[in-house]
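Here's a walk through one chain, with an eye on helix faces, ring pairs and confidence. Have a look at the model first, then read on.

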Amino acid sequence: MMNIKDILRYRHDHALSRAQIAAAVGVSTGTVSHVLARAQAAGLSWPLPPDLDDEALRARLYPVPDHPSDRVQPDWEAILEDLEAPRQRRRTRLTRHRLWSEYRDEALAQGGKAYTYSRFCALLKEHRQGRPGQAQMRFHYAPGLYGLSDFSGKTLSLRSGRGEKDVEIFVAMLPHSNMIYAEAVPDQSVRHWTMAHRRALEAFGGVPERWIIDNLKAGVTRADREEPQLNPSFREFAKHYGLALPCHDKYG
């Protein structure tokens, strides 16, 4: 549950920005804006009256409507602002599930009901369609023609009896069916890169005709759009499984 008093305190006592408050409290920037706007609309000043407890504060900010709706409506503009923010400004590991969790907590804080995760995702898709400035590039892949792979670009912390270590996340997929294989590997070395592909093919139960990889060193020793030089070990792996590797970037 979000702490409304903390949001107000960080704003008025410390003059923090919306993003800073969101990071400190653990909610979205849209939730921070929503709380600040409701506090202003409710005529609340800072500091709050000493006799205003958490329950009374929530009642002031979220009064029960005369005709309550079945579900609390998400702040779609704020959610889309978070989701479509530039990479350098985007919150770390921001996912649709995290956005839904924050919306659910806010709905509960208002004393209402939240959409289920699946319904939230469906509505989010509807709100994203047709938004101005949202250019989309679509690729159509024939069945069994292509496979794709890369490291996710994010590491995860793995805890074991020997301590804590960051691991890389390898992801492979078949774009026609959207079948995905992912696993954690110790690093991006040729060995782990190659063996992760072997396990991916075993999981898929077959081998596509071609494979698209990014220009990481484990797969490509020299990037060139016309004649990329593949790592010898990975080239031998591809030869063994009959994989054609004419594509060296993500777009073929």
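Which residue follows α9, and what is the sign of its phi? That's Gly-242, with a positive phi near 70°.

## What kind of model this is

Keep in mind that this is a predicted model. Mean pLDDT over the chain is 80, and 83% of the residues score at least 70. Strand β3 (residues 179-185) has the highest mean pLDDT among the elements, at 94, while strand β5 (residues 220-222) has the lowest, at 55. Then there's the stretch of residues 247-252, where pLDDT stays under 50. For those residues the model has 23 contacts beyond four places in sequence.

## The chain in numbers

DSSP-wise, you're looking at nine helices and seven strands. The chain has 252 residues, and 36% of them count as buried. Its accessible surface comes to about 15900 Å², with 49% of that belonging to carbon and sulfur atoms.

How much of the contact map is long-range? Take the contacts with a separation of 6 or more: 55% of them are between residues 24 or more positions apart.

## Two helices with a buried face

Start with helix α1 (residues 4-12), where Ile-4, Ile-7, Leu-8 and Tyr-10 are buried. Looking down the axis of α1, these buried residues fall within an arc of 165°, so they line one face of the helix. As a reminder on helix geometry, an α-helix has 3.6 residues a turn, so residues three or four places apart point the same way. The partners that the buried residues of α1 pack against are α2 (18-25), α3 (29-41) and α4 (54-61). There's a cation-over-ring arrangement here too: Arg-9 lies over the face of Tyr-10, at 4.7 Å from the ring centre.

Now go to helix α9 (residues 232-241), where the buried residues are Phe-234, Phe-237 and Ala-238. Down the axis of α9 they fall within an arc of 95°, so here too the buried residues line one face of the helix. Pro-232, Lys-239 and His-240 sit on the other side of α9 and are exposed.

## Ring pairs

A pair of aromatic rings is described by the distance of the centres and the angle of the planes. The count for this chain comes to ten aromatic pairs. Why is the pair of Tyr-103 and Phe-120 called stacked? Their ring centres are 5.6 Å apart and the planes meet at 20°, so the pair falls in the stacked class, which takes planes under 30 degrees apart. This pair links distant parts of the chain, with Tyr-103 in helix α6 (residues 96-109) and Phe-120 in helix α7 (residues 117-128), 17 residues apart. Tyr-103 counts as buried at 5% relative accessibility, and Phe-120 counts as buried at 0%.

Phe-170 and Trp-193 make an edge-to-face pair, 5.8 Å centre to centre with 85° between the planes. Phe-170 is in strand β2 (residues 163-174) and Trp-193 in helix α8 (residues 190-204), so the pair ties together parts that are 23 residues apart in sequence. At 0% relative accessibility, Phe-170 is buried, and Trp-193 is buried at 0% as well.

## Around Phe-170

Phe-170 and Trp-193 also belong to one aromatic cluster, along with Phe-151, Phe-234, Phe-237 and Tyr-241. Two of the cluster's members, Phe-234 and Phe-237, were listed above among the buried residues of α9.

What does Phe-170 touch, not counting residues up to four places away in sequence? The contacts are Ser-149, Asp-150, Phe-151, Tyr-181, Ala-182, Glu-183, Trp-193, Ala-196, His-197 and Ala-200. As for backbone distance, the C-alpha atoms of Phe-170 and Ser-149 are separated by 7.5 Å, with their positions 21 residues apart along the chain.

## A buried acid

Last stop is Asp-82, in helix α5 (residues 76-83). Is Asp-82 buried or exposed? Asp-82 has 9% relative accessibility, so it counts as buried, the cut-off being under 20%. Leaving aside neighbours within four places in sequence, Asp-82 is in contact with two arginines, Arg-90 and Arg-91, and with Ser-28, Thr-29, Gly-30, Leu-94 and Leu-99.

How values were computed:
Residues are numbered from 1 along each chain as its sequence is written. This is a predicted model: local features need pLDDT of at least 70, side-chain atom pairs count only at pLDDT 80 or more; totals for chains, interfaces and linings use all residues. Side-chain values use heavy atoms; hydrogens and water are left out. Buried means under 20% relative accessible area, exposed over 50%, partly exposed in between (1.4 Å probe, protein chains only). Helices (H or I, at least four residues) and strands (E, at least two) are DSSP runs, numbered from the N terminus. The arc is that of the directions from the helix axis to the C-beta atoms. Contact means heavy atoms within 4.5 Å. Rings of Phe, Tyr and Trp (its six-membered ring) pair if their centres lie within 6.5 Å; planes under 30 degrees apart count as stacked, over 60 as edge-to-face and the rest as tilted. A charge sits over a ring if NZ of Lys or CZ of Arg is within 6 Å of the ring centre and within 35 degrees of the ring normal. pLDDT is the predictor's confidence in each residue, from 0 to 100. Accessible areas come from the Shrake-Rupley method with a 1.4 Å probe; for residues, only the protein chains shown count as cover.
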